[in-house]
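Biologist: Could you pull up the model and talk me through it?

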Amino acid sequence: MRRPILLLIIMAIAYSQSEITSPDIIRGMLFPLLFSAALLILIIWLIRRSHSNRRGDGGSDDFGGGFLGGGKNSDGDSGGDGGGD
């Protein structure tokens with residue numbers, strides 16, 4: 001969650017400091033490029049995050065760290081197969 005917040009902060013600072021019509025190289029070119037790069041990285045991050053969420057929906061037994069995902073339940077099942085051999 002830190003990455004999108006950091007990118008939004010970078011984008012806000014770069015947008016507020018940029019002046020495209022300025023003859024200064026930093027304000028006229030560097031800050032708009034920094035804003036564009038941060039926007040592109042944010043879009044790529046959002047696309048990758050949405051695709052990774054779709055991959056786990058296909059019944060792949062990916063419980064995402066759920067409590068009951070491992071097969072044992074919380075009824076005091078301490079393991080073992082329960083067989084009498």
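The chat below goes through the fold, the side-chain pairs and the surface of this chain.

Modeller: Before anything else, please keep in mind that this is a predicted model.

Biologist: Sure. How many helices and strands does the chain have?

Modeller: The chain has two helices and zero strands; helix α1 covers residues 2-17, while helix α2 covers residues 25-55.

Biologist: And what share of the chain is buried?

Modeller: Of the 85 residues in the chain, buried ones make up 14%. The accessible surface comes to about 7,200 Å², and 59% of that belongs to carbon and sulfur atoms.

Biologist: What about contacts over a long stretch of sequence, how many of them join residues at least 24 apart?

Modeller: If one takes the contacts between residues at least 6 apart in sequence, 39% of them join residues at least 24 apart.

Biologist: Can you give me an example from helix α1? Take Leu-7: buried or exposed?

Modeller: Leu-7, which sits in helix α1, has a relative accessible area of 10% and is therefore buried, the limit being under 20%. Once its neighbours within four places in sequence are set aside, Leu-7 is in contact with Ala-38, Ile-41 and Leu-42. As for backbone spacing, the C-alpha atoms of Leu-7 and Ala-37 are separated by 9.6 Å, although the two residues are 30 apart along the chain.

Biologist: Which residue is 42 places from Pro-4 in sequence, and how far off is it in space?

Modeller: That is Leu-46, with a C-alpha to C-alpha distance of 8.8 Å from Pro-4. Leu-46 belongs to helix α2 and counts as partly exposed, at 47% relative accessibility.

Biologist: Switching to rings, how many aromatic pairs turn up?

Modeller: A search of the whole structure finds one aromatic pair. The partners are Tyr-15 and Phe-35, whose ring centres are 5.7 Å apart.

Biologist: Why is that pair called tilted?

Modeller: The planes of the two rings stand at 45°, so the pair is tilted; planes under 30 degrees apart would count as stacked, and over 60 as edge-to-face.

Biologist: Where do the two rings sit in the chain?

Modeller: Tyr-15 is in helix α1 and Phe-35 in helix α2, 20 residues apart, and the pair thus links distant parts of the chain. In terms of accessibility, Tyr-15 is exposed at 60%, whereas Phe-35 is partly exposed at 24%.

Biologist: OK, charges next. How many salt bridges does the search find?

Modeller: The search of the whole structure finds one salt bridge, formed by Glu-19 with Arg-27, where the closest N and O atoms are 3.4 Å apart. Glu-19 is partly exposed, with a relative accessible area of 39%, and Arg-27 is also partly exposed, at 30%.

Biologist: Does anything else touch Arg-27, or rather, what does Ser-22 touch?

Modeller: Not counting residues up to four places away in sequence, Ser-22 touches Arg-27 and Gly-28. Ser-22 lies in the loop between α1 and α2 and counts as buried, with 18% relative accessibility.

Biologist: Last one: which residues form the nonpolar patch on the surface?

Modeller: The patch is formed by Ile-25, Ile-26, Met-29, Leu-30 and Leu-33, which together have about 500 Å² of accessible area. Met-29, one of these residues, is found in helix α2 and counts as partly exposed, at 47% relative accessibility.

Definitions and conventions: Residues numbered from 1 in each chain as written. Predicted model: local features only at pLDDT ≥ 70, side-chain atom pairs only at ≥ 80, totals over all residues. Heavy atoms only, no water. Phe/Tyr/Trp six-rings, centres within 6.5 Å; stacked < 30°, edge-to-face > 60°. Helix = DSSP H or I, 4+ residues; strand = E, 2+ residues; numbered from the N terminus. Buried < 20%, exposed > 50% of the residue type's maximum accessible area, 1.4 Å probe, protein only. Contact = heavy atoms within 4.5 Å. Areas by Shrake-Rupley, 256 points an atom, 1.4 Å probe, with all protein chains shown as cover. Salt bridge = Lys/Arg side-chain N within 4 Å of Asp/Glu carboxyl O. Patch = residues over 30% accessible without salt bridge, like charges linked within 9 Å, V, L, I, M, F, W, Y side chains within 5 Å.
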